Amino acid sequence: MNHLIPTAIQQYVLPVLYGIVIVAILPLLAGYIVLMERKVMADMQARLGPMRVGPHGLLQPIADALKLLIKEDIIPEHADRFMFWMAPVLSVGMALLAYAAIPFGPVFQVADLNVGLLFILAVSSLGIYGIVLGGWASNSHYSLLGALRSAAQLVSYETAAGLGLVSALIWAGSLSMKSIVEAQYDRGDWFIAYVPVGFFIYLVGSIAETNRAPFDLPEAESELVAGYMTEYSGFRWALYFLGEYANMMVVASIATTLFLGGWLRPFVRYHDHFPGTSVELLDIVPSLIFLFAAAYCLRLVPRQPVKIQRMVMAAVAGLCLVLSGVMAAALLASPGVMAGIHGAFWFLAKVFAYIYGFLWFRFTFPRYRFDQLMRLGWRFLIPLSLVNVIATAVAVVVSEEWGLHPLASALIMQVLTLGVALWLAGRGEEPAAREPQVAEGD
Amino acid sequence: MSEGRTNGSSVSTTVLGADEIILNMGPQHPSTHGVLRVKLKLDGERVIGSECIIGYLHRGVEKIAEHRSYQQFAPYVDRMDYVAAVSNGLGYCETIERLLGTEAPPRAKVVRTILTELQRIASHLLWLGTHALDIGALTPVFYCFREREEILKIFEKYCGARLTTHAFRIGGLQYETYDGFEQDVKRFCQNFDKKIDEYETLLTENRIWVGRTKGVGVLTAEDAVALGVTGPVLRASGVKWDIRKAMPYAAYDQYQFEIPTRGTGDTYDRYIVRMQEMRQSRLICLQAIENIPTGAIMARIGKVLKPPPGEVYHSIEAPKGELGYYVVSDGTTQPYRVRVRPPSFINLQAFDKMAKGSLVADVVAIIGTLDIVLGEVDR
């Protein structure tokens, strides 16, 4: 297909188109992640969650967004007006910019930079300016404390998270997001199988980076009211919110690309075909998933109490049916189209699975205290990630020099790293038992 | 009144150092449990001084008592510790009964004991949920409210009200127990042990929970006694003092139960003590429900109460500590003076001692662990 489209269009028009699609869809997606969060939370807390706006609360995000749009816009007295205005925009802008280098599929990528990962990390770290400036410009103690906490937290955990990524990079041998996924395709296994410890480090680090529970100290409700967002309301607040969820998707995308095989479907190495066709067995899974979702929604239609809710539910069922059809039709289309559509599906599915993990932790764990957070970061995660990087490097050398199977050598080194982790965790117990007065922090 | 300041170091008048800021927590703040205002002097995030400012919920309950008849005042006491209204009512009714020189009939005493212990569980559940919420665990609060709802349903079936129940009357009970009361209580108590296990799986051995509560807000036994702290806060510091055992009232002398104590007096100990207290309350209810005596539910005291001139101090073990009533009668139908010794108010005095040197995050843990209700602190 690629040869049909002139190079000029491929180079300049398509990326712009992709960019527009991302910017248009992302806020919607973020809204639905919020709905998912509320539904998951409700499920874990023996409640129903939003049920009124649309069937099963399906229209809740739209209603929330509208409400925030028409709310009064308050700027506190003595606030730095320009910075106050600038901060949330910066926060969202940087999060959106990071999507430029994320491959949602082999085709759907705005720009395949050769330093893609570095670009994403750099840009998403700039987002912290949005939080720090917002906290400072609000002219409120709670905001300031929240901003300080956020800055300190990001600096501490980005090191560990970055080193966690390095372990996967050693196996990939490239910084381009596209080549990293392709490297996993060539090896036939996702990198999570090679560096589970690295994945764990990145998981913890990414939760801390996005200020999610149990590391949500910058916006800890019971302590700092809403942290850096305390003085924000209306649409500015919505922008911060959007920024937070967009950031969650960025870190989830990074994890997906580096550890979970990006757009590749699970079981990459199996290529069994349907007899007599070129359709692979496992490729019908997305279509089946949507078919199942459509059937489930259809079953719920008659149970809706109000006519309009029945109509919306039926529309959702129809949408699932259409998506199922698209997934099925893609099987018969050219390989490029097929890889693009199914790639986007698997990529988003993994991103959502990763975000589900975030939600799960949030509703299970209490919040860390600031000094404990710092201790976990500096005394456990950073040493562990350094050991992990060295161990991974050794594993690569061993497998290349002595011909040991890469997976075997990787796993042996990972077990050793795990031993170090246990030792570090045991050592971490000591200061926790001491009096809190001697704890370092701030 | 000196009640406006509950502790010595007046934060507002001290001179600030270069790195110090004053943070006003409350009276509108998500985790001050009502309208408590805490002025914190911070060095970074470390608390170097604190001052509790109370009185935002002052309604003059004690003064109102002087202008109501003895029975008319009974519903007012429900509004002090509004999450443990039944306990408040029990304390007041028993005090007036002592003033009158009478006693509730045995059946009334046992029913009172059952309802009061259920109320203790309900109050502790509310504490657990909100305390966990303050420390950042979002889920336990919903589990706690699920069980608390069962208790409130029993109250509702018994007397028609869920929160401010006015369940007891001076001299006994207004209402006979409803059909199925025993089964309801028994079913709740039998299931409740598993529910406590459920809360404990979420918290007791959770590394983050232990880290957030161990060694936080330590109150030594000497300090606790010197400050007059009572209830679970005192027992967590290692002092075995429970009015249900020391000066039995209602029907507590008939039942076997333990007084859980711990040694360190930190937030974790207070958590453990309250969890065990819920288990003990459950056992008391199970014992009491097996054998409710039959007979009258109201003593013969007449419609107009005119206690002989004199004074009485009587206290009970409310969920939060020693709840005492000091009532002076001048022989008329209205009390001359009613003074309440609220456990929350006295326990709150320990705040400054516990908070000094801790972090802002610990402050909410300490407010939570003291289990204060501002309706009772301010009255």
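Biologist: How many bridges join strand E7 of chain B to strand E8 of chain B?

Modeller: Keep in mind that this is a predicted model. In chain B, E7 covers residues 321–329 and E8 covers residues 335–341. The two strands run antiparallel, and the number of bridges joining them is six.

Biologist: Which residue in E8(B) does B:Tyr325 stand opposite?

Modeller: Strands of a sheet pair through backbone hydrogen bonds, either parallel or antiparallel. Here E7(B) and E8(B) are antiparallel. Across from B:Tyr325, in E8(B), you'll find B:Val340.

Biologist: Which residue in the turn of the E7(B) and E8(B) hairpin has a positive phi?

Modeller: Five residues lie between the two strands of this hairpin. One residue in the turn has a phi of about 90 degrees, and that's B:Gly331.

Biologist: Okay, zooming out: which are the edge strands of the sheet in chain B?

Modeller: The open sheet has three strands, in the order E6-E7-E8, with antiparallel pairing. An edge strand here pairs on one side only. In chain B that fits E6 (310–318) and E8.

Biologist: Which helix packs on that sheet?

Modeller: First, a word on the sheet itself: its neighbouring strands are turned by 15 degrees against each other on average, direction ignored. The helix touches E6 and E7 of chain B, and its direction makes about 150 degrees with that of E6(B). It covers residues 85–100 of chain B, and its name is H3.

Biologist: Now for chain A: how many helices does its secondary structure have?

Modeller: Read from the N terminus on, the elements of chain A are α after α. The strand count is zero, and the helix count is 14.

Biologist: At what angle do the axes of H1 and H2 of chain A cross?

Modeller: H1(A) spans residues 7–44 and H2(A) spans residues 60–69. Their axes come within 8 Å. The crossing is right-handed, and the angle is roughly 115 degrees.

Biologist: How many nonpolar residues are in the contact of H1(A) with H2(A)?

Modeller: From H1(A) come A:Gly31, A:Tyr32, A:Val34 and A:Leu35, which meet A:Gln60, A:Pro61, A:Asp64 and A:Ala65 in H2(A). By class, two of the residues are polar and one is charged, while the nonpolar ones number five.

Biologist: Last one: what is the radius of gyration of chain A?

Modeller: The C-alpha trace of chain A spans about 75 × 70 × 50 Å along its principal axes. For 442 residues the globule rule gives 22 Å, and the chain's own value is close to that, so chain A is as compact as a globular protein of that length. The radius of gyration is 23 Å.

How values were computed
Residues are numbered from 1 along each chain as its sequence is written. Chains are lettered from A and ligands numbered from 1 in the order in which they are written. This is a predicted model: local features need pLDDT of at least 70, side-chain atom pairs count only at pLDDT 80 or more; totals for chains, interfaces and linings use all residues. Two strands pair if DSSP finds at least two bridges between them. Helices (H or I, at least four residues) and strands (E, at least two) are DSSP runs, numbered from the N terminus. Axes are lines fitted to C-alpha atoms, for helices over the stretch in contact, and angles run from 0 to 180 degrees between N-to-C directions. A crossing is left-handed if the near helix is turned anticlockwise from the far one by less than a right angle, and right-handed if clockwise. Two residues are in contact if their C-beta atoms, placed from the backbone, lie within 7 Å. Ala, Val, Leu, Ile, Met, Phe, Trp, Tyr, Cys and Pro count as nonpolar, Asp, Glu, Lys and Arg as charged, and the others, Gly among them, as polar. The radius of gyration is taken over C-alpha atoms; the globule rule is 2.2 Å times the number of residues to the power 0.38.
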